[in-house]
Amino acid sequence: MDIISVNDITKTYRQYRRFPGLIGSVRSLFTREYIEETAVRNLSFSIKEGEAVGYLGPNGAGKSTMIKMMTGILVPTVGELRVLGSVPHQARKDNSRQIGVVFGQRSQLWWDLPVKDSFDLHKYIYKIPPITFEKNLEFCVELLAIKDFIQKPVRQLSLGQRMRVEIAMALLHEPKILFLDEPTIGLDVIAKDQIRQFLRTVNRDKRVTIVLTTHDMKDIEEICPRMIVVNKGSVVYDGSVVELRNRLGNERQVVIDFREEPGLIDMPGITLLQEEGLRRTYSFAKSDASVFDLVSRIAAKYPVEDASIESADIDSVIRRLYQQLAEADLKRQIG
Ligand SMILES: Nc1ncnc2c1ncn2[C@@H]1O[C@H](COP(=O)(O)OP(=O)(O)OP(=O)(O)O)[C@@H](O)[C@H]1O
């Protein structure tokens, strides 16, 4: 069953045009000119109950705008959007009981209150039955290791601790869908891991549908079997990380340790990525040359000590996708 269905949605922001300078400010008051910006353009996709979907795209691609529409904060300009069978902005109150929202850059907690008081207020506002509340609280406190700071005021928490609390709070009322906008932004590796593991458990064991935006491909690899990539408000990829890697990841990296300084290596089809002492990392397209052929050609001409071959990591796959999109844009503008 589709729990979210987005059908040809467009969102245009309309702003007053501001003229520069002091005279411009006065002019802005009397001349009401609008500038329109389309953040989401004819977008369609659907998400089934129990899925975990990563929603990504370059800066300004319209991700936050889409999350805000799905959570009922913003109203689409055109198109049909349904979340749990209702139109989100019309059923905001009912929907809010069935969805959980975490914005990495904005807190939903009571800054001066101890964490536990924020949880209790949430219980009161959402009218969570005591047994449900206690059960969910125990689950989150245990798996997110919140116990040590549950009596501390929120403002004293580290970013990693605060994010764990934000996620716990978003789940206390047992939502069917959890929306997360950049949940791991600014966190260290351990905190990121903890959150990723927890979200995987919540999705797998509690069957909570997850939609998350991120710039960190590891989040996608570890939490979301499916990813939707948007660019300039439109879907440019919808599928699995594995499929995308197969589509774009025909690039390999070869790391070569030289016995002595090799100088400039002139070999068609390879690109120098990194230089670190006597170690060089090159990329090459798998289709252009066989790995062994390439390494043996280099070893025949240069003093090679050791060599290893790696698949392109998912970050470089995404970088290539974004590069292709930027190049296609440029061509469109020129043509
Ligand atoms: N309230 C607003 N008023 C006017 N324009 C806006 C508003 N919010 C967003 N935009 C514009 O809409 C476009 C999409 O913004 P949005 O924040 O949805 O992108 P994003 O994909 O979440 O970006 P990022 O990865 O940088 O967070 C941007 O060009 C942005 O400037």
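The C-alpha centres of domain 1 and domain 2 lie 43 Å apart in this predicted model. Domain 1 is made of two stretches of the protein chain, residues 2–11 and 45–245, whereas domain 2 covers residues 250–311. Taken along the principal axes, the box filled by the C-alpha atoms of the protein chain is roughly 75 × 55 × 45 Å, and the chain contains 11 helices and 13 strands. Of its 335 residues, 30% count as buried. Among the contacts in the chain with a separation of 6 or more, 73% are made by residues that stand 24 or more positions apart.

A good place to start inside the chain is the open sheet of 6 strands, which runs in the order β5-β6-β7-β3-β8-β9 and has mixed pairing. The strands at its edges are β5 (99–103) and β9 (234–239); each has a single partner strand, so one side of each is left without a neighbour in the sheet. From one strand to the next, the twist averages 15°. Within this sheet, strand β3, residues 52–56, pairs with strand β8, residues 226–231, in the parallel sense over 4 bridges, and one position that shows the pairing is Y55, whose bridge partner in β8 is I228. Helix α2 packs on the sheet, where it touches β3, β6 (177–181), β7 (209–213) and β8, and the direction of α2 makes about 150° with that of β6.

Is I228, the residue of strand β8, buried or exposed? A residue counts as buried when 20 or more other C-beta atoms lie within 10 Å of its own; I228 has 23 within that distance, and it is therefore buried. Leaving aside the neighbours of I228 within four places in sequence, its contacts are F45, V53, Y55, V235 and D238, so that Y55 appears both in this list and as the residue bridged to I228. R204, by contrast, lies 24 residues from I228 along the chain, and the C-alpha atoms of these two residues are separated by 20 Å.

Helix α2, already met on the sheet, also takes part in the surroundings of the ligand. The residues around the ligand are Y13, Q15, E37, A39, G57, N59, G60, A61, G62, K63, S64 and T65. The elements that contribute two or more residues to this shell are β1 (2–16), β2 (34–48) and α2 (63–70), and the largest share, 3 residues, comes from α2. Sorted by class, the shell has 3 nonpolar, 7 polar and 2 charged residues.

The remaining strands to follow are β10, β11 and β12. Strands of a sheet pair through backbone hydrogen bonds, either parallel or antiparallel. Strand β10, residues 251–258, pairs with strand β12, residues 279–285, in the antiparallel sense over 7 bridges, and here the bridge partner of D257 in β12 is R279. Strand β11, residues 270–276, also pairs with β12 in the antiparallel sense, over 6 bridges, with Q274 standing opposite T281 in β12. Which residue in the turn of the hairpin formed by β11 and β12 has a positive phi? With 2 residues between the two strands, the turn includes G277, and the phi of G277 is about 60°.

Note on methods. Residues are numbered from 1 along each chain as its sequence is written. This is a predicted model: local features need pLDDT of at least 70, side-chain atom pairs count only at pLDDT 80 or more; totals for chains, interfaces and linings use all residues. A residue is buried if 20 or more other C-beta atoms lie within 10 Å of its own, exposed if 12 or fewer, and partly exposed in between; C-beta atoms are placed from the backbone. Two residues are in contact if their C-beta atoms, placed from the backbone, lie within 7 Å. A residue is near a molecule or strand if its C-beta atom, placed from the backbone, lies within 6 Å of it. Ala, Val, Leu, Ile, Met, Phe, Trp, Tyr, Cys and Pro count as nonpolar, Asp, Glu, Lys and Arg as charged, and the others, Gly among them, as polar. Domain bounds come from an automatic or database domain assignment. Two strands pair if DSSP finds at least two bridges between them. Axes are lines fitted to C-alpha atoms, for helices over the stretch in contact, and angles run from 0 to 180 degrees between N-to-C directions.
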